[in-house]
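Take a look at the structure below. Here is a short, friendly tour of two spots in it.

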Amino acid sequence: MADHYETLGVERDATDEELKRAYRKMARQYHPDANPDDPTAEASFKEVRAAYEVLSDPERRSLYDRFGTDDVRAARMADPFSGGLGSIFDAFFGGDSPFGGFGSARPYGPPPGEDLEAHVDLDLHDVVFGAEREVTVRTAVRCESCDGSGAAAGTSPVRCSKCGGSGQVRQVRQSMLGQMVTASACDLCGGLGEMIEQMCGDCEGHGRKLERRTYSVQVPVGVDDGTTLRLSGRGAAGPRGGAHGDLYVHTRVRPHPRFHRNGSDLVHELHVPFTQAALGARLEYETLDGTENIVIPKGTETGAVVRLRGRGVPHVRGRGRGDLLVQLVVDVPDNLTDEQEELVRRLAELRGEEVAEPSESLLGRIRTAFR
């Protein structure tokens, strides 16, 4: 199997933008429509597309970099010990390793809190220049009265008498392999390793209470609609002193009235009258960075593009910004006055161009009818 990086002609540390550019170049080169006489073009095109599909997906690319394949089952066969000895015995003993906690043993003690989700609404200006937003969530916070222990003031949790504070109990059983030791969560303390003799009155022994909390979110430049930002430790507090979960903030970018985004570039369709397109013009143009002058070249046609470098969206994984692409559309008037039409006809005559005969005006038709 060909190496995906060699297929696209990029280095192994290539960025997403470099991968995209390489794919577009190779796809154009090997597309069957562009090579009708080459019987190998279609196979090469499929190989390029397959390579890009793997490397453009972060998870599949990670597997490919580690194991040379993006197939999960094949990756596990390539590295059967990647999960430790415990993960191997998980398949045979349902998660109870006979090594009694060796390798990937299940954790016991207070469980962590839940992860939370929130949304922030952004404008294109926020995406380009960054922003700070506040999000408010209803979450579990650590009880201040008991400091998260769940025990009443003046008391503290005591060690579980059944598991001795480990949160797990072990059982010995005979099998075809000999004496096997399995571990499971203690049913008396629920795997916490502690018991509460007198509960905290404020949290009723949970060690946490529900409250509304507001957090400040620093939105990095270059984020896109649907980007998820992770705020570690800003999720719910775990019960009985468990660790906090995380807060995941999803971005929603409002459409801009003039610009739309294409990767790191911004695109705007600008209509210009045919006189400016024919004779050229210098116009004041409003960008997100302020007013700038753009030049409409003499003889401009619809589809021409004026590129303002560095006026696009910042690259998320690199330096600098994309470009602002002003796509020009030449407008031809359809409501000329008699004087304007006469001037255009005079221009056509001077250029030797044939045009339609002038249509009689409404006033002329009325005068003819009364003759």
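What follows covers a small sheet and then a pair of helices.

## Before we start

This is a predicted model, where local features need pLDDT of at least 70, side-chain atom pairs count only at pLDDT 80 or more, and totals for chains, interfaces and linings use all residues. Residues are numbered from 1 along each chain as its sequence is written, and side-chain values use heavy atoms, with hydrogens and water left out.

## The three-stranded sheet

Strands here are DSSP E runs of at least two residues, and helices are H or I runs of at least four, numbered from the N terminus. One open sheet has three strands in the order 1-9-8, with mixed pairing (two strands pair if DSSP finds at least two bridges between them). Strand 1 (116–122) and strand 8 sit at the edges with a single partner strand each, so one side of each has no neighbour in the sheet.

Strands 1 and 9 run parallel, joined by seven bridges, and V120 stands opposite T251. Strand 8 (residues 228–231) runs antiparallel to strand 9 (residues 247–253), with four bridges; here L231 faces L247. Side chains alternate along strand 8: L229 and L231 point to one face and are buried, while T228 and R230 point to the other and aren't (buried means under 20% relative accessible area, with a 1.4 Å probe and protein chains only).

## The helix pair

Helix 2 (residues 16–30) and helix 3 (residues 41–55) pack at about 165°, their axes 9 Å apart (axes are lines fitted to C-alpha atoms over the stretch in contact, and angles run from 0 to 180 degrees between N-to-C directions). That makes the two helices roughly antiparallel, a label for angles over 145 degrees.

Notes. Buried means under 20% relative accessible area, exposed over 50%, partly exposed in between (1.4 Å probe, protein chains only). Angles under 35 degrees count as roughly parallel, over 145 as roughly antiparallel, 65 to 115 as roughly perpendicular and the rest as oblique.
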